[in-house]
Amino acid sequence: MRVRFAPSPTGQLHVGNARTALFNWLLARRHDGTFLLRIEDTDAERSTRESERGILDDLRWLGLDWDEGPDVDGLHGPYRQSERLHLYASYANELLAADHAYHCFCSITRLEAERQADLAAGRPPMYKGTCRALSRSESHARTEAGERSVVRFRVPEREEVKFLDLVRGQVTFNTDVIGDPVIVRSDGRPQYNFAVVVDDALMEITHVIRGEDHISNTPRQILIYRALGFTPPEFAHLALVMGPDHTPLSKRHGATSVAEFRARGFLPEALTNYLALIGWSPGHGEELLEIGELARRFAIEDVGHSSGVFDPEKLAWMNRHYMKVAAPARLAAEALTYFVARGFVTRRTDAAVDFVVSLLPMAVGSVDRLEEIPERVRFLFEFDSGSALARADVAEVVSEPGARAVIAALAEELRAAGRLDRETFRAAAARVKQRTGQKGRALFHPIRVALTGEAGGPELDLAV
RNA sequence: GGCCCAUUCGUCUAGUGGCCUAGGACACCGCCCUCUCACGGCGGCGGCACGGGUUCGAAUCCCGUAUGGGCCUCCA
């Protein structure tokens, strides 16, 4: 089994694409197959190396490794489409020679006008086949005369193209609704539907798992496979990930890229676990599965048919869970970044990591993300009685009957003790209780406010 | 507009003709725990889109309707 993830490097890795990558990876690992990464950078205007680096980085962070790819040599390279141009040219010539393809000289303005006319008339917009019947000599003559042209694939008329989709079952398209697709643009670059077929065939991909947005492209691609003499792979189309309003998840729904979730302090295992559960379930009500376990259980046939809504709340719940089970040293090293960003820690030293480790019990289980940890223990770094008292919730606690007496007594006891650690604190609190007659909330709430400047926060024992 | 695909609690899902009085999780609400915010424990609210069939029996099979999504680009 050979599967692939083929992003175009035109931006950050979107969680929807990350899920597609994950499903491919899970399938490959489940069957001891090969997972390869191919960069679809034929859109030269929008593709960047920076974006490619970012995507590779995000994939690695998620724990998805690839067996062949732009940075991992394999027998089927190169793995960037921009480095495979000669292959597309050669196969395009083959199609041309076999009359499976032809030159089209229609101008973009003409095509656009036709499209608008179709739309206005309520017809499906589709290429009319204007240049289909051009003779080879006429094509040649017009090209010689300097006319620009694209190469279109000749879609056979009135033919049913069927394929068995691994998640959807039998899917049928009639070629009457498919216009002849451009396979080579006028600047000589290959078009997606063509390049993807050449690559998947040459890279010996056995299973194409991709987003549902490609399902209508599939019959076109199958036709090209056949014309080229290749056997089409198995296909599986994944329903898309949606926002709360049931439109495809996008920027306006908030964070959508893996990089953003990473920057906000989500753990990769939480993200992969959560993403795997959109459209797939191991059954038995189990939900918390680390990536290796997901790989052992995953079956593409069990993937659901309908699109799922991305739920940040559930992701946050999973992240809380994984923060609880993660090794403290790892968590602290990751969280340190946020302490530095907040200005609480100035240097990333081992001592700083150790210090953050010691802080973890006050935060883990109480916050959703690593980024929220510094705020949870803010009182350790920023304490100002003036600004604390200016806050309504703090002022309210202090105004409670007996609160001032408790605080005054505490100050005396602590001063007498000469230091503040857990033992002296417990003893001091016990004496304050005795002296003031306050207990429970009336005793500890004022103490909390006096010690931390906040009305809420971690367990007092831990804070001390 | 045409074609393709989908439709179980607010959300993610279990369910593959009788085990369903539809199970779990997140969220929400309540109680407990508790110095606070959280965590945790217990409980509650809440769903088979609609209409026809098929069948002794349908969330499960068929048809239609509605709704949602995808594609119809010299973008991938």
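These are my notebook entries on a predicted model of a protein with an RNA strand.

**Ground rules**

Residues are numbered from 1 along each chain as its sequence is written, and chains are lettered from A and ligands numbered from 1 in the order in which they are written. Because the model is predicted, local features need pLDDT of at least 70 and side-chain atom pairs count only at pLDDT 80 or more, while totals for chains, interfaces and linings use all residues; side-chain values use heavy atoms, with hydrogens and water left out.

**Entry 1: the cores**

I looked up the nonpolar cores first. A core here is a set of buried Ala, Val, Leu, Ile, Met, Phe, Trp, Tyr and Cys residues joined through side-chain atoms within 4.5 Å. Buried means under 20% relative accessible area, exposed means over 50%, and partly exposed is in between (1.4 Å probe, protein chains only).

The largest core holds 74 residues. Phe-23, Leu-59, Leu-275, Ile-300, Phe-310, Phe-339 and Ile-373 have the most contacts inside it. Which helix gives this core its largest share? Helix α1 (residues 15-30) does, with nine residues. I take helices (H or I, at least four residues) and strands (E, at least two) as DSSP runs, numbered from the N terminus.

I also noted a second, separate core of 35 residues. Ala-101, Val-155, Ile-183 and Ile-205 are among its members.

I then checked Phe-339. Contact means heavy atoms within 4.5 Å. Leaving out residues up to four places away in sequence, Phe-339 touches Phe-344, Val-345, Val-356, Leu-359, Ile-373, Pro-374, Val-377 and Phe-381.

**Entry 2: the RNA surface**

Next I looked at RNA strand B. A residue is near a molecule or strand if one of its heavy atoms lies within 4 Å of it. There are 66 residues around RNA strand B, and Arg-168, Arg-185, Gly-279, Glu-287 and Arg-376 come nearest. Of the strand's atoms that come within 4 Å of the protein, sugar and phosphate account for 73%.

I sorted the surface residues by type. They divide into 22 nonpolar, 25 polar and 19 charged. In this count, Ala, Val, Leu, Ile, Met, Phe, Trp, Tyr, Cys and Pro are nonpolar, Asp, Glu, Lys and Arg are charged, and the others, Gly among them, are polar.

Which element gives the largest share of this surface? That is α11, with five residues.

I picked out three polar pairs. A polar contact is a pair of N or O atoms within 3.5 Å; within protein, one must be able to donate a hydrogen and the other to accept it, and residues adjacent in sequence count only if both atoms are side-chain atoms. A polar backbone atom of Ser-186 is 3.0 Å from a base oxygen of RNA strand B. Gly-365 places a backbone N or O atom 3.3 Å from a sugar or linking oxygen of the strand. Ala-455 does likewise with a backbone N or O atom, at 3.3 Å from a sugar or linking oxygen.

**Entry 3: backbone oddities**

Most residues other than glycine have a negative phi, and most peptide bonds are trans. I listed the exceptions. The peptide bond from Gly-77 to Pro-78 is cis, with omega near -5°. Pro-78 sits in the loop between α2 (49-62) and α3 (85-97).

Glu-204 has a positive phi of about 55°. Its loop runs between α6 (192-202) and β8 (207-211). Is Glu-204 buried or exposed? Glu-204 counts as partly exposed because its relative accessibility is 48%.

His-246 also has a positive phi, near 65°. His-246 is in the loop between β10 (241-242) and α8 (258-263). With a relative accessible area of 57%, His-246 is exposed.

**Entry 4: strand pairs**

Strands pair if DSSP finds at least two bridges between them. Five of the five residues of β8 are buried. Five bridges join β8 to β9 (residues 234-238), and the two run parallel. Gly-211 stands opposite Leu-238 in β9.

β5 and β6 pair in the antiparallel sense over six bridges. They form a hairpin with three residues between them. The covered face of β5 (residues 160-165) is Val-161, Phe-163 and Asp-165, and the uncovered one is Glu-160, Lys-162 and Leu-164. Asp-165 has Gly-169 in β6 as its bridge partner. Gly-169 is partly exposed, at 22% relative accessible area.

**Entry 5: Asn-193**

Asn-193 lies in helix α6. Asn-193 counts as buried because its relative accessibility is 5%. A polar contact of 2.9 Å joins its side chain to that of Gln-221.
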